[in-house]
Amino acid sequence: MDPRPYCEAKVTIYFYGADEVPYGCFSNFSSHGFDLDGHWWPTSEHYFQAQKFVGTRHADLIRRTASPVRAAELGRGRALPLRRDWERVKDDVMRRAVAAKFAAHADIRAILLDTGNAEIVEDTGTDH
């Protein structure tokens, strides 16, 4: 008998594009809107980028923009200052958006839960 303890191989799921099947729904650009903070958000990207400017007209402009690509462009621009606490709150902002997204959509919630203990990684070299 092998004296080494049994351990399962770690499974990693990589995703990137919102159109990838079945894991594209993990993308912040996927078209899975949700209600949060009294507003409808077309994507979690819209929510995340708008929260950089919460309480301003620019945040509402981002929320209402037609696509997550445009929301990202508006949120990443530095013509306006970010909220002072952004570095401290940004991870919690993303957690709230993702939780609301998966709570609102049973179909993608099932995909997420079916991943079990797998590590889920956005496959991009430009963001941690």
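This report describes the fold, the nonpolar cores, two helices and two individual residues of a predicted model.

## Overall architecture

The protein chain contains 5 helices and 4 strands. Read from the start of the sequence, these elements follow the order β-β-β-α-α-α-α-α-β. The C-alpha trace spans about 65 × 30 × 25 Å along its principal axes.

Of the 128 residues in the protein chain, 36% count as buried. Among contacts with a separation of 6 or more, 53% are made by residues 24 or more positions apart. The chain exposes about 8600 Å², and carbon and sulfur atoms supply 53% of that area.

## Nonpolar cores

In soluble globular proteins, nonpolar side chains tend to be buried together. In the present model, the largest nonpolar core has 16 residues, of which F34, L36, W41, Y47, I62 and V93 touch the most other members. At least two residues of this core come from each of β2 (34-36), α1, α2 (57-64), α3 (68-76) and α4 (86-104). The greatest contribution is that of α4, with 5 residues.

Another core, of 5 residues, lies apart from the largest one; its members include F15, C25, F26 and F102.

## Helix α4

Helix α4 comprises 19 residues, which at 1.5 Å a residue should span 27 Å; its end C-alpha atoms are 26 Å apart, so the two values agree. The buried residues in this helix are W86, V89, V93, A97, A100, K101 and F102. The elements that cover the buried residues of α4 include β2, α1 and α5 (106-113).

Two of these buried positions also appear in the cores described above: V93 in the largest core and F102 in the separate one. Beyond its neighbours within four places in sequence, V93 is in contact with Y47, F48, Q51 and W86.

## Helix α1 and its N-terminal start

Helix α1 is largely enclosed by the rest of the structure, because 8 of its 8 residues are buried. These are S44, E45, H46, Y47, F48, Q49, A50 and Q51. The buried residues of α1 pack against two strands, β2 and β3, and against the helices α2, α3 and α4.

T43 is situated in the loop between β3 (39-41) and α1 (44-51). At the start of α1, a side-chain oxygen of T43 comes to within 3.3 Å of the backbone nitrogen of E45. T43 has a relative accessibility of 2% and therefore counts as buried, the cut-off being under 20%. With its neighbours within four places in sequence left aside, T43 is in contact with N28, F29, S30, S31, H32, F34 and P68. Of these contact partners, F34 is also listed among the core residues that touch the most other members.

## An exposed loop position

P81 is placed in the loop between α3 and α4. Its relative accessibility is 67%, so P81 counts as exposed; the cut-off for that class is over 50%. The C-alpha atom of P81 is separated by 22 Å from that of R96, a residue 15 positions away along the chain.

The two loop residues thus fall into opposite classes, because T43 is buried at 2% relative accessibility and P81 is exposed at 67%.

Terms used
Residues numbered from 1 in each chain as written. Predicted model: local features only at pLDDT ≥ 70, side-chain atom pairs only at ≥ 80, totals over all residues. Heavy atoms only, no water. Buried < 20%, exposed > 50% of the residue type's maximum accessible area, 1.4 Å probe, protein only. Contact = heavy atoms within 4.5 Å. Core = buried A, V, L, I, M, F, W, Y, C linked by side-chain atoms within 4.5 Å. Expected span 1.5 Å × (residues − 1). Polar contact = N/O pair within 3.5 Å; in protein donor to acceptor, adjacent residues only side chain to side chain. Areas by Shrake-Rupley, 256 points an atom, 1.4 Å probe, with all protein chains shown as cover.
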